[in-house]
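Hi everyone, thanks for letting me have the floor for a few minutes. I'd like to walk you through a structure, so have a look at it first and then we'll go through it together.

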Amino acid sequence: MNSSVIDAAVKMPAESPASLPASTLDLGWARWVLSLLVLPTLLLPMLGSSQTDLRVLAPTAAFGLLLAGYFIHLLLRRLQIGLLEWTFVIVLLGNLEGFLLTAPGVLSTPFFWVPLAPLLAVWILYASVMGVIQAELLQITSVPQHLLLITLQVLALASPSLLILAGILEAATYYPWIAGEALGAWKWPLAGAGVMGLGLRFWISRRTVRAAKAALENP
Amino acid sequence: MGADSTVARQAKDNRKDSIISLINPNMTSTTFDPVASKRRQLAQWYLRDKHRALWQLPLWIAIATGIALALLQSRIESPRRNLKKSTAALLALAPARVPDDKNAAVHYRRAFAGYVRFAKGAPNLDADLPGHPLTPHMKTQLQKYLASNGKALLNLKAGAGKEACDWKLNYTAGFGMLLPHLASMRQGARLMALEARWLASEGDHEEAAKTILAMYRMGRHLDRDPTLISGLVAVAIDALADSALQDIVRYHLPANQAELSAYRKALWTNRHPNQRWAHYINGEKTFGLHAIDTVFSIPGTGRAFLGATLPRPQGMYEIWYGEDRMCYETYMDDLIARGKKGHITETDFEETILKHQRGPAPLTRMIAPVLSRSLNNFIRSEDQARVTAVGMDVAAFRMKYGKLPTTLKMLIPEFFSELPKDHLGRPLRMLVDKNTDEDSKKKKPRFIRIYGVGENGIDNGGYNSKAPAPHPNAPDADDPVFVLPLIPETISTPGKN
């Protein structure tokens, strides 16, 4: 055996000798710091939309930015998604953020754009990560199917929000000062999309959990 | 060649196996699969998801808010497009132009330029005289004051004699349109009221009646422009004329029927309060829509229009612009429809705005409350006209028959065909005043009061807290009233005063 083989062996990637624990994809202890930031984020709506103090809005923005950074790292470095998938994510993200930031009055109301812009980015990025991981676990190799999974995950993640919004618009029939009839007409499409999203979420999740458990049991 | 590459590959695998076996004797290169390894890694990550469930909670709220904003944006109207429509509607409100030779405003402006104020130290007759007798000292001051304003009075009467009045206002300025003539018209009406009083005290009732008539015509000239403030100033001028009539009948009663009849004819009755109010409120609606569209068409004007300290961040107004505008428009239409039929109370306003409100509607809630109360001014003016008319009929009855009627029924059918009512259908009343009057401490009946129950609907015995002598026990009294002395205080005849 010559030294070049041993050198080559020393240079082999770290994953090769044994499977590594999921903590290398997870944040380790840092995920609990992120979890702590959830609380001020949940309390923010109670402060009211007149809140303009950036120090109050900062924890929510930090939560969103850190999560977004984490998911981008996963997508680009760890999962190494393809160019087409990344372009698709950028298109979704760009449209959503553009729609938000160009809505009249949003930019002049820090309460909206400071927390919302990062959190809506997290929505798309998290859905992309989940879609790509599910594709890997379900052994789906076709790129169009990857894109479909990402899209379904976007809907699945939003499904509880769609149902909450449908509920609020239903309440508007009893409290008209919440919203008018034209807005209230959206409650059924939102409820339908929410139910569909929930159904898809559970169906894909079940299949993926099964595939994940099979992958762990049969190395 | 092929056999050589197979041999080389086999040699490479053997070398790998030897190296790997040094590290882990149980493993060889054939047992390691990087794809499977990665899949296991992902599976472990996927299954460890409790903390990610927690992270989703704020995501749901954020997504719901984002979708709500998207839905609102889908409803958003274009302020610029609406501004074109509202500007056209505003210009359509402007009354037709009147040539200068027929335009009353030309004479009025000359009068405004010729006003002479009260001399320093002289009594303010505008405030001191109405509701009070004309003392000799006041009469001297009044004579001087009217002489110095002679030219202004001539121009005011010339203007009142014209049919049409065009102030040539700049409607394109919208809410910024200036109305400098209103204060001057009101000052002119005060001057005319003083002149009517002077003429009546001198026994020239015919001219005094013409002056009163001219005051009502001045009010009509303000009716052409459909702004609420013009309407309210017109109502104020009508009130000055009503008050002048009251003072003349109380302090300078004509000696004959013809002269009293001249005043009765000069009195403007049937003031159509609901229709006039609806005309002004329709104008206000057009101005209001134009103002809302202007504010949101030009970035940054929201703060300038609404003030430096906004009750909400400006963005909230921009987000809800479409809903707020629609709320304002439908609310105003509803208010006009209700106002045309009858009276509007505070509760009506609140119910009406809740019916139309969609979302916060901050601008509507700022502009709307003042408008609903304005109808009361017009109704009060109409009620005052009615009690003044009945009061003058009672004075005419006394002049004809030498005695006062004991009830209003005695005036039917000669003076009116049925018992008179106020604008809301409540009967007018007549009362001999047994209370202490303002000039005497003895409880002696001095006056007869013809009155209505007013806005509060309570019979306050013909007292009004805004009158020169309000009832001490009824500070909230708001009865429209005409006071007639039981014994005429002064009957002015030509040449005797």
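Okay, before anything else: this is a predicted model. Let's begin with chain B. It has 18 helices and 5 strands, and buried residues make up 50% of its 497 residues. Its accessible surface comes to about 23,100 Å², and 57% of that belongs to carbon and sulfur atoms. Now take the contacts in chain B between residues at least 6 apart in sequence: 73% of them join residues at least 24 apart.

Let's zoom in on some rings. A pair of aromatic rings is described by the distance of the centres and the angle of the planes. Over all chains, the structure holds 10 aromatic pairs. One of them is Y108(B) with W167(B), a stacked pair with 5.8 Å from centre to centre and 15° between the planes. So which parts of chain B does this pair tie together? Y108(B) lies in helix α5, residues 104-113, while W167(B) lies in the loop between α8 and α9, so the pair ties together parts that are 59 residues apart in sequence. Are these two buried or exposed? Y108(B) is buried at a relative accessible area of 0%, and W167(B) is buried too, at 2%.

W167(B) has another partner, F112(B). Their ring centres are 6.0 Å apart with the planes at 5°, so this pair is stacked. F112(B) lies in helix α5 and W167(B) in that loop between α8 and α9, so here the pair ties together parts 55 residues apart in sequence. F112(B) is buried, just as W167(B) is.

Stay in that loop for a second, because K168(B) is found there as well. K168(B) has a positive phi of about 50°, although it isn't a glycine. Why mention that? Most residues other than glycine have a negative phi, and most peptide bonds are trans. K168(B) is partly exposed, with a relative accessible area of 43%.

Over in chain A, Q80(A) also isn't a glycine and has a positive phi of about 50°. You'll find Q80(A) in the loop between α4 and α5 of chain A, and at 59% relative accessibility it counts as exposed. As for peptide bonds, the one from I412(B) to P413(B) is cis, with omega near -5°. P413(B) is in the loop between α18 and β2 of chain B.

Next, a helix: α8(B). Which of its residues are buried? They are A152(B), L153(B), N155(B), L156(B), G159(B) and A160(B). Looking down the axis, the buried residues fall within an arc of 165°, so they line one face of the helix. An α-helix has 3.6 residues a turn, so residues three or four places apart point the same way. And what does the buried side of α8(B) pack against? Its buried residues pack against α5, α7, α9 and α10 of chain B. The face turned away from that side carries the exposed residues K151(B) and L154(B).

Last stop, some more ring business. Ring pairs link Y70(A), F71(A), Y126(A) and W55(B) into a cluster. In chain B, the charged end of R52(B) sits over the ring of W45(B), 3.7 Å from its centre. The charged end of R220(B) sits over the ring of W268(B), and there the distance to the centre is 3.6 Å.

That's my tour, thanks for listening!

How values were computed
Residues numbered from 1 in each chain as written. Chains lettered and ligands numbered in written order. Predicted model: local features only at pLDDT ≥ 70, side-chain atom pairs only at ≥ 80, totals over all residues. Heavy atoms only, no water. Phe/Tyr/Trp six-rings, centres within 6.5 Å; stacked < 30°, edge-to-face > 60°. Helix = DSSP H or I, 4+ residues; strand = E, 2+ residues; numbered from the N terminus. Buried < 20%, exposed > 50% of the residue type's maximum accessible area, 1.4 Å probe, protein only. Lys NZ or Arg CZ within 6 Å of the ring centre and 35° of its normal. Arc of directions from axis to C-beta. Contact = heavy atoms within 4.5 Å. Areas by Shrake-Rupley, 256 points an atom, 1.4 Å probe, with all protein chains shown as cover.
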